[in-house]
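Please read the points below with the sequence and the structure open. They take the ligand site and then the strands.

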Amino acid sequence: MQVLYKSTRGKGETVTASMAILKGLSEDGGLFVPTEIPKLDVPAEKLAQMTYQETAYEVMSRFLTDFTEEELKNCIASAYDEKFDTSEIAPLHEANGAYYLELFHGATIAFKDMALSILPHLMTTAAKKNAVKNEIVILTATSGDTGKAALAGFADVPGTRIIVFYPKHGVSPIQEKQMVTQKGDNTYVVGITGNFDDAQTAVKKMFNDRELAAELDGAGFQFSSANSINIGRLVPQIVYYVYAYSRLVGQGKVKAGDKINVVVPTGNFGNILAAYYAKQMGLPINKLVCASNENKVLFDFFRTGTYDRKRDFILTTSPSMDILISSNLERLIYRLTGEDAQKCAELMQSLSEGGEYTITDEMKKGLADFYGNYCSEEETKETIHNVYKNSDYVIDPHTAVAAGVYKKYLKDTDDHTVTVIASTASPYKFTRSVMDAVADKEEDKDDFALADQLSAISGVKVPKAVEEIRTAPVLHDIVVDAPDMPDTVKKVLGIH
Ligand SMILES: *Cc1c(COP(=O)(O)O)cnc(C)c1O
């Protein structure tokens, strides 16, 4: 079966998977969705015998049907290798009445690595398949995490360059250190004097600048995006839900066919959408529990049917979920409309113009797969504390939001189905908040000293990703004003 991709706002034209990955976003502003969700027609007992890489091939080959077996297997082998600190890639850890699916064993110790370690390979393969001769230039504006994960993924991948812009005074010391010490001849990291929005706006402008595109083309380059709406990031995320289920079957924790619940700490709605697609493929998932922090736009949406971004943006200790516009929700909305692209486009227009939209009662019925709730900052901290006290297991604030919401779900429903919690970051990435919750930390300690203290109480070694940057030399030190970003791009690419 061939799976093609169409836009959530389009007229039904389709493109191949490789074109959808190259384009990222459809020209009409919509997101690419598969024309059909393929079935996972492999028995769970058989999946239980497979490695992560083999599982990845089973899942991804069903979505990316214009990739050959050899191409896809090469991409998978290049992505899920020694960059991960465990051969299991995404291990399950049983603690406090649930299974934590640890998605943070890659290069930057957060779940973005699961997709960004394979996207560069999918993209360069897609470029070859479509006879693209130019080098691909990834442009990214980052508020911290995505930038580093994209840098780590694209570093030294032939046929690509990556330029990351970050707000010089808007990221944490560890985040900045992670980026400015990035190795790789094709990586460029540039601080800007403005804030994240200034960086993001300037990047979007460059993507739409036809004159700049022509200049780049003349010099043998073209822009692309590693944004989380790229289907090349979504499909690899379906894999680990299938993998988690098959591990549970393999370990005898569930019987093949038994349902599980999945809890996902959510920002852009990408990770939980992947779980939803896994369910549509036939993976026995009962409830998809959507966990938000105090930016609880999604909780309110599930409750009322109205998505309303007109509210204050709250800075929390789970910054990767501080989001008021969950871009990937559009893919769910599209399905809820019965794949009515015009209706979907109208709702999205209403969101961008008026800041809100409301779905119909009919559409609301389709939300029955989901349960939404949120955790306050206090509840998040309490959850880190309690999980540590009860199970000797230290979780990061994003994962804690999920664990806290799971507790609320149990109280609301008394549904004790076996549950997998997506654990999206290593506690070492957010040492300060974590130590605040589990121990008496000394205020004057720097983040590295806190990491040592965390290691002492948790018995988990400080990850390589943190050890490496402790002493690594700074390799990137350019800082520019936002309006000078296009000139900087031309300069680093050697275009005059
Ligand atoms: C990006 C991120 C999330 C949110 O994932 P979405 O796919 O945007 O919902 C959660 N936790 C961490 C640590 C992240 O980096």
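1. In this predicted model, a polar backbone atom of Gly-270 is 3.2 Å from an oxygen atom of the ligand. Two further backbone contacts belong with this one. A backbone N or O atom of Gly-267 lies 2.8 Å from an oxygen atom of the ligand, and for a polar backbone atom of Asn-268 the distance to a ligand oxygen atom is 2.7 Å. The protein covers 97% of the 390 Å² of accessible area that the ligand has on its own.

2. Which residues are the closest to the ligand? They are Lys-112, Gly-267, Asn-268, Asn-271 and Thr-424, from a surrounding set of 14 residues. Gly-267 and Asn-268 thus appear both in this list and among the backbone contacts of point 1. Sorted by class, the shell holds eight polar, five nonpolar and one charged residues.

3. Strand S10 covers residues 260-265 and pairs with S11 in the parallel sense, over five bridges. Within this pairing, Val-263 stands opposite Val-289 of S11. Between the two strands the chain passes through helix H12, residues 270-281, and the resulting β-α-β crossover is right-handed. Gly-270, whose backbone contacts the ligand at 3.2 Å, is a residue of H12 by the limits 270-281.

4. On strand S14 (residues 370-374), the pairing with S11 is again parallel and again runs over five bridges. Ala-291 stands opposite Asn-373 of S14. S11 therefore has two parallel partners, S10 and S14, and strands of a sheet pair through backbone hydrogen bonds.

5. Is strand S11 largely enclosed or open to the outside? Six of its eight residues (285-292) are buried, that is, under 20% relative accessible area, so S11 is largely enclosed by the rest of the structure.

6. A separate description is due for an open sheet of three strands, in the order S2-S1-S3 and with antiparallel pairing. Its edge strands are S2 (14-15) and S3 (32-34), each of which pairs on one side only. Strand S1, residues 5-7, pairs with S2 in the antiparallel sense over two bridges. Tyr-5 has Val-15 of S2 as its bridge partner.

7. For checking against the model, these are the items to look at: the backbone contacts of Gly-267, Asn-268 and Gly-270 with the ligand; the right-handed crossover from S10 through H12 to S11; and the order S2-S1-S3 of the open sheet.

Key
Residues are numbered from 1 along each chain as its sequence is written. This is a predicted model: local features need pLDDT of at least 70, side-chain atom pairs count only at pLDDT 80 or more; totals for chains, interfaces and linings use all residues. Side-chain values use heavy atoms; hydrogens and water are left out. A residue is near a molecule or strand if one of its heavy atoms lies within 4 Å of it. A polar contact is a pair of N or O atoms within 3.5 Å; within protein, one must be able to donate a hydrogen and the other to accept it, and residues adjacent in sequence count only if both atoms are side-chain atoms. Accessible areas come from the Shrake-Rupley method with a 1.4 Å probe; for residues, only the protein chains shown count as cover. Ala, Val, Leu, Ile, Met, Phe, Trp, Tyr, Cys and Pro count as nonpolar, Asp, Glu, Lys and Arg as charged, and the others, Gly among them, as polar. Buried means under 20% relative accessible area, exposed over 50%, partly exposed in between (1.4 Å probe, protein chains only). Helices (H or I, at least four residues) and strands (E, at least two) are DSSP runs, numbered from the N terminus. Two strands pair if DSSP finds at least two bridges between them. A crossover is right-handed if, with the strands pointing away from the viewer, the path from the first strand over the helix to the second runs clockwise.
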